[in-house]
Amino acid sequence: MKLSIVIVNYNVEHFLEHCLLSVRKAIKNIDTEIFVVDNNSVDGSINMLKSKFPEVKLIENKDNVGFAKANNQAIRISTGEYVLLLNPDTVVEEDTFVKCLNFMDSHPDAGGLGVKMIDGQGKILKESKRGFPTPWVCFCKMSFLSSLFPKSKRYCGYYMGHLPYDQTNEVDILAGAFMLLRKEALDKVGLLDETFFMYGEDIDLSYRITKGGYKNYYFADTSIIHYKGESTKKGSLNYVYTFYNAMDIFAKKHLSSKQTKLFSLIIKLAIWGRATISFLSRIFKKAALPVLDFLLVYLGFYFLEQFWAITYWNDANYYPEHYHIVAIPCYIIILLFCVYLFGGYGKFKPAKLISGVFSGMIAILVVYSLMPSALRYSRAMVIMGSFLTFFILFAERYLLHYIKTGHWTTKENSSSFIIVGDKQETKRVTDLLRSTDLKPEFIGLVSGEDNEDRDYFLGNISQIKDIIRIYHVNEVIFCSKSLSQSKIISLMADLSMANVRFTIAPEVTDFIIGSNTINTPTDIYVMSVNSIASEDNRRKKRMFDFSFSFILLLLFPFVILFCKKHFLALKNIVLVLVSNKTFVGYNQQDSKINELPMLKKSIFCSSENIKTKNLDFQTIHRLNLMYANNWALKTDVDILLTNLRYI
């Protein structure tokens, strides 16, 4: 046996299918065995493997045993001269394995090999080549020095930035996403260290390979797609902690005591530093615009008040000091709060600003009319200040929109697609695309050959850049039956700066793999268009939860008269009030709940009002999908009022 391929899968059914389709093409004329180790997936991966890939040797784990242990299960029973550890969210070129094996055969000193990897946007992944993580190298990475000097050997040692991506070179560390290993080397240095549950095991094994007298190579003559980061939020504190904890394990295992102490200190500083930056970043993103609004509107009110006092009252000191300190800030807070309620902090739409400011003005005037006469300074200031607020917010949003997008128009981009392939495949994918909820405004077809039919295609792939520019294309869909994986990867890399999304339609499948999500025909692109995922509806849902929980808390002495469990009711109301729960959400029995837009855990679920309680998993998923896709405030109100006694 020449090659043993090992893939560890956990709930990525469609990525896995696409990966195996590309592997099937790449192993022609190579004596190969394929292992898939499934870590207790619940997304249909097992059934898909058994029905579509009977040649695969499947190992079914009853628990998620981690990446290292799962790989070792297959490696121990593999018989290949070489072992390839391959991620399920990868796509290989047709000649990737041939080129890599030829290189390994001609370099007997090679213990391991990695390749050039690009992400779902066609950009090269820096992890394709990495250096040994000494304390200095890790410090440079954690302190962002490697980002400031991306081509420096001294400061970017973690990604070996001094080595070009288009040249094959010896490297220290291989990436676990594609790790071709000589079985002889594995027998000598040992398998993956199962102490590492996730992250770090590839670094540990690469280091042991070099210690065993072999070399690791970065091979630049082939490329793969690695949808890196699609399932891991790399900016999250959980990722930071898990990754750097793996680094700590590595340091304790391989570095000296003195180095380990320094390494541990750097890691602790990195975790706290990243956590602080993440926290401050979230605060800044949420507070920056409201604070800027407040400051600009306050300045507007101040100058308006000075102008009005002089021109109308002929007294620059007509308004008392507390008017500036108390009254004006209160006006602004009410105005901005109403702007928030009407969506003025979402996508820039003048109508939302008008509704918010007008409602705020009415609210201020109502409160104003109830105030003692001594505190009623000027209705004119309220009205003029409200109009001024709108113009300030409008001008500010318009300017920020221009800075962000580079153009003045606020019209949203239409959904424009081009599908690249032959006649039969482009028609199939067009029909698939039109069966979704996306309803594209434009679908253009591009031939994968130079001799295209001018009456059917816009042009051919040699003209694709001009087609994208002329037709303002948002997304490019490649038909993998018509185009080789090598061609697709080459085009993605070439178009990586074109500001378009890429998706791939595997042959004879009913889904499309994209750079952001995996989708089936019933929910393809739902993540980007369904109502529960929209910012406006998330805000409405949160405002309803907050308002209703606040009312229930005030009326709790009456609420307990008809509630079944008093303490649990109080607990749930408080949890909703502080945003730890929501009143209505998904049925948690749905095995595909991770495919839906994220919601907090709920007290009641979307299927609560259905009399039949013994629902099958498919029905539960469809109900959850309907709730996500067709959310309305009335739905939450109906479910909550109907089941209030069980709160």
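Here are four short exercises with worked solutions on the structure above.

The model is predicted, so local features need pLDDT of at least 70, side-chain atom pairs count only at pLDDT 80 or more, and totals for chains, interfaces and linings use all residues. Residues are numbered from 1 along each chain as its sequence is written, and side-chain values use heavy atoms, with hydrogens and water left out.

**Exercise 1. A buried asparagine**

Task: find where N72 lies, and decide whether N72 is buried or exposed.

Solution, step by step:
- Start with the element: N72 belongs to helix α3, residues 67-77. Helices (H or I, at least four residues) and strands (E, at least two) are DSSP runs, numbered from the N terminus.
- Next, check the cover: the relative accessible area of N72 is 1%, which means that N72 is buried. Buried is under 20% relative accessible area, exposed is over 50%, and partly exposed is in between, with a 1.4 Å probe and protein chains only.
- Then look for neighbours: leaving aside those within four places in sequence, N72 is in contact (heavy atoms within 4.5 Å) with L191, L192 and E194.
- Finally, zoom in on L192: its backbone oxygen lies 2.8 Å from a polar atom of the N72 side chain.

**Exercise 2. One face of a helix**

Task: list the buried residues of helix α16 and work out how they are arranged around its axis.

Solution, step by step:
- Helix α16 spans residues 485-494, and its buried residues are Q485, I488, I489, L491 and M492.
- Look down the axis of α16: these buried residues fall within an arc of 160°, so they line one face of the helix. The arc is that of the directions from the helix axis to the C-beta atoms.
- Now ask what covers them: the cover includes helix α1 (13-26) and the strands β5 (90-92), β6 (110-118), β9 (215-226), β13 (475-479) and β14 (501-505).

**Exercise 3. Comparing salt bridges**

Task: describe the salt bridges of E60, R397 and D466, with the accessibility of each partner.

Solution, step by step:
- Begin with the principle: side chains of opposite charge can pair when their charged atoms come close. The cut-off used here is a side-chain nitrogen of Lys or Arg within 4 Å of a carboxyl oxygen of Asp or Glu. The structure holds 22 such bridges.
- E60 pairs with K50 at 3.4 Å, N to O. This pair links distant parts of the chain, 10 residues apart, with E60 in strand β3 (residues 57-61) and K50 in helix α2 (residues 45-52). E60 is partly exposed at 38%, while K50 is exposed at 52%.
- R397 meets E396 at 3.1 Å, N to O. R397 is buried at 7%, and E396 is buried at 8%.
- D466 and R469 have their closest N and O atoms 3.3 Å apart. They are separated by about one helical turn because they sit 3 residues apart in helix α15 (residues 464-470). D466 is partly exposed at 40%, and R469 is exposed at 54%.

**Exercise 4. A nonpolar surface patch**

Task: which elements give two or more residues to the nonpolar patch?

Solution, step by step:
- List the members: L292, L296, L299, Y302, F303, L399, L400, Y402, I403 and W408 form the patch, with about 920 Å² of accessible area together.
- Assign them to elements: α10 (257-311) and α13 (379-405) give two or more residues, and α10 gives the most, with 5.
- Take one member as a check: L399 is in helix α13 and, at 45% relative accessibility, counts as partly exposed.
- Recall the rules: patch residues have over 30% relative accessible area and no salt bridge, and nonpolar side chains (Val, Leu, Ile, Met, Phe, Trp, Tyr) are joined within 5 Å. Areas come from the Shrake-Rupley method with a 1.4 Å probe.

Notes. Patch = residues over 30% accessible without salt bridge, like charges linked within 9 Å, V, L, I, M, F, W, Y side chains within 5 Å. Polar contact = N/O pair within 3.5 Å; in protein donor to acceptor, adjacent residues only side chain to side chain.
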